[in-house]
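Subject: Structure for you to look at

Dear colleague,

Here is the structure I said I would pass on, and below it you will find notes on what came out of going through it. Please read them with the structure open beside you.

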Amino acid sequence: MEYSPPPLFKQGAPARVKVTVFALLSVALLVVDARFHALTAVRQVAATVLYPFQMVALMPRDALSNMGSYFSSISALQKEVRDLQSQQVAMAQAMQQAQLQTAENGHLRRLLDAREHLPVRTMMSEILYDARDPAIRRVVLDRGARNGVKLGLPVIDNAGVVGQVTRVFPFTSEVTLLTDREQAIPVQVLRNGLRSVAYGRGQSGMLDLRFVAPNADIQVGDVLVTSGLDGMYPAGLAVAKVSQVESVAQGAFGRVVCQPLAGIDRHRQLLIVMSDEPAQPRPPAEAPKSNGNSSRRNLPKMDPIPLPPLRPQPLPPAQQPAAGANGAPAAAAAPAGT
């Protein structure tokens, strides 16, 4: 097959002449454009017309670049999410610690305020753990015999009485709470001064006033305070509030249910009342009143009064016996005292 040149090169001037002409034309256009800016409009039209083609030509490059940035952004976002989650957990833990410390600080402030108003010396303590036996209501404190803790000392918080020290060790001590079944505390009604004894009810967390007279002036909402008659609890400490008064039959004893005012199950810091004052001695027993036969038995023993000696008297003269009917002598007369 015979090869023939393109129609452009079949006719006209040679290729060198054409290159020279077009080169000179290009230089002329550059000079005119640089001097007079005559081709600005032409350039803008050409850029506008060629812009879609440029975008189509750049699409593969942009797709590859966007794909790489997409996967890199996903990994970066996943790493950021993991960091934020760990930071959130740390912040939540720190917030819980802050809330706990805030609550403890508020409780300590109330304890210190109550400590200033108490007339006796107190010592701050903290609950280490509860007793292992779930049937009893006891806690273990971080103060013991080395700190001056003794048996029977009351334990309170800012709201009222919590319990009493029942066992003492060198470094710790055990406190029996008021709600324990074996615990009792003498109380009196703040409104009218009526005295009674409150007993614990065990796991229910309540107190009982047993053997209450049917006509006792006790109402729901009355506040019970320590009476101080036992010589162990200072008088006037808040103990409980009456929550229920059970109705009883005529002539039978009633029972009053009370809610403790102290935070028995809520707080970890408590105050041990270090009462150094000895208990007041009991008054001497009164002498029994004299009445009836008891007065005779209580009289002092008396010696018998001696009788005066009797004066000797002469015997009466003997009488002659009278003869009987048959001539026998009659029997002697019996003495006058027989």
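Two strands are said to pair here if DSSP finds at least two bridges between them. By that rule strand β4 (residues 161–168) and strand β5 (residues 173–177) are a pair, antiparallel and joined over five bridges. One of the matched positions is V168, whose bridge partner in β5 is S173. Please keep in mind throughout that this is a predicted model.

The two barrels

The pair just described belongs to a barrel of six strands, which closes in the order β1-β2-β5-β4-β3-β12 with antiparallel pairing. On average, and with direction ignored, neighbouring strands of this sheet are turned by 45° against each other. Another six strands also close into a barrel, in the order β6-β7-β8-β11-β10-β9, and here too the pairing is antiparallel. In this case the twist from one strand to the next averages 40°. As general background, strands of a sheet pair through backbone hydrogen bonds, in either a parallel or an antiparallel arrangement.

From β6 to β8

Strand β6 (residues 184–189) pairs with strand β7 (residues 195–200) in the antiparallel sense, over five bridges. Among the matched positions, A184 stands opposite Y199 in β7, while I185 has A198 as its bridge partner in that strand. The hairpin of β6 and β7 has five residues between the strands, and G193 takes a positive phi there, near 80°.

Strand β7 is also joined to strand β8 (residues 207–212), with which it runs antiparallel, by three bridges. Y199 is worth a second look in this context, as its bridge partner in β8 is D208, in addition to its place opposite A184. Six residues lie between the strands in the hairpin of β7 and β8, where G202 has a positive phi near 85°.

Salt bridges

How many salt bridges does the structure hold? The total is 10, and three of them are described here.

The side chains of R201 and D208 meet in a salt bridge at 3.4 Å, N to O. R201 counts as partly exposed because its relative accessibility is 25%, whereas D208, with a relative accessible area of 3%, is buried. D208 is thus the residue to look at both for this salt bridge and for the bridge to Y199.

In a second case, the side chains of R191 and D222 meet at 2.9 Å, N to O. R191 lies in the loop between β6 and β7 and D222 in the loop between β8 and β9 (223–226), so this salt bridge ties together parts that are 31 residues apart in sequence. With a relative accessible area of 42%, R191 is partly exposed, while D222 is buried, its relative accessible area being 7%.

The third case is E182 and R138, whose side chains form a salt bridge at 3.9 Å, N to O. Because E182 lies in the loop between β5 and β6 and R138 in strand β2 (residues 138–141), the pair ties together parts that are 44 residues apart in sequence. E182 counts as exposed, at 68% relative accessibility. Salt bridges that share partners join R138, E174 and E182 into one network.

The loop between β4 and β5

F169 has its place in the loop between β4 and β5, and at 34% relative accessibility it counts as partly exposed. F169 and R146 are 23 residues apart in sequence, and their C-alpha atoms are 8.5 Å apart in space.

The helices

For helix α2 (residues 15–36) the length can be checked against expectation: at 1.5 Å a residue its 22 residues should span 32 Å, and the end C-alpha atoms are 31 Å apart, which agrees. The helix is followed by H37, whose phi is positive, near 55°.

In helix α3 (residues 40–117) you will find V49, which counts as partly exposed because its relative accessibility is 48%. Together with V45, L50 and F53, V49 makes a nonpolar surface patch of about 410 Å².

With best wishes

How values were computed:
Residues numbered from 1 in each chain as written. Predicted model: local features only at pLDDT ≥ 70, side-chain atom pairs only at ≥ 80, totals over all residues. Heavy atoms only, no water. Helix = DSSP H or I, 4+ residues; strand = E, 2+ residues; numbered from the N terminus. Axes fitted to C-alpha atoms, helices over the stretch in contact; angles between N-to-C directions. Expected span 1.5 Å × (residues − 1). Patch = residues over 30% accessible without salt bridge, like charges linked within 9 Å, V, L, I, M, F, W, Y side chains within 5 Å. Areas by Shrake-Rupley, 256 points an atom, 1.4 Å probe, with all protein chains shown as cover. Salt bridge = Lys/Arg side-chain N within 4 Å of Asp/Glu carboxyl O. Buried < 20%, exposed > 50% of the residue type's maximum accessible area, 1.4 Å probe, protein only.
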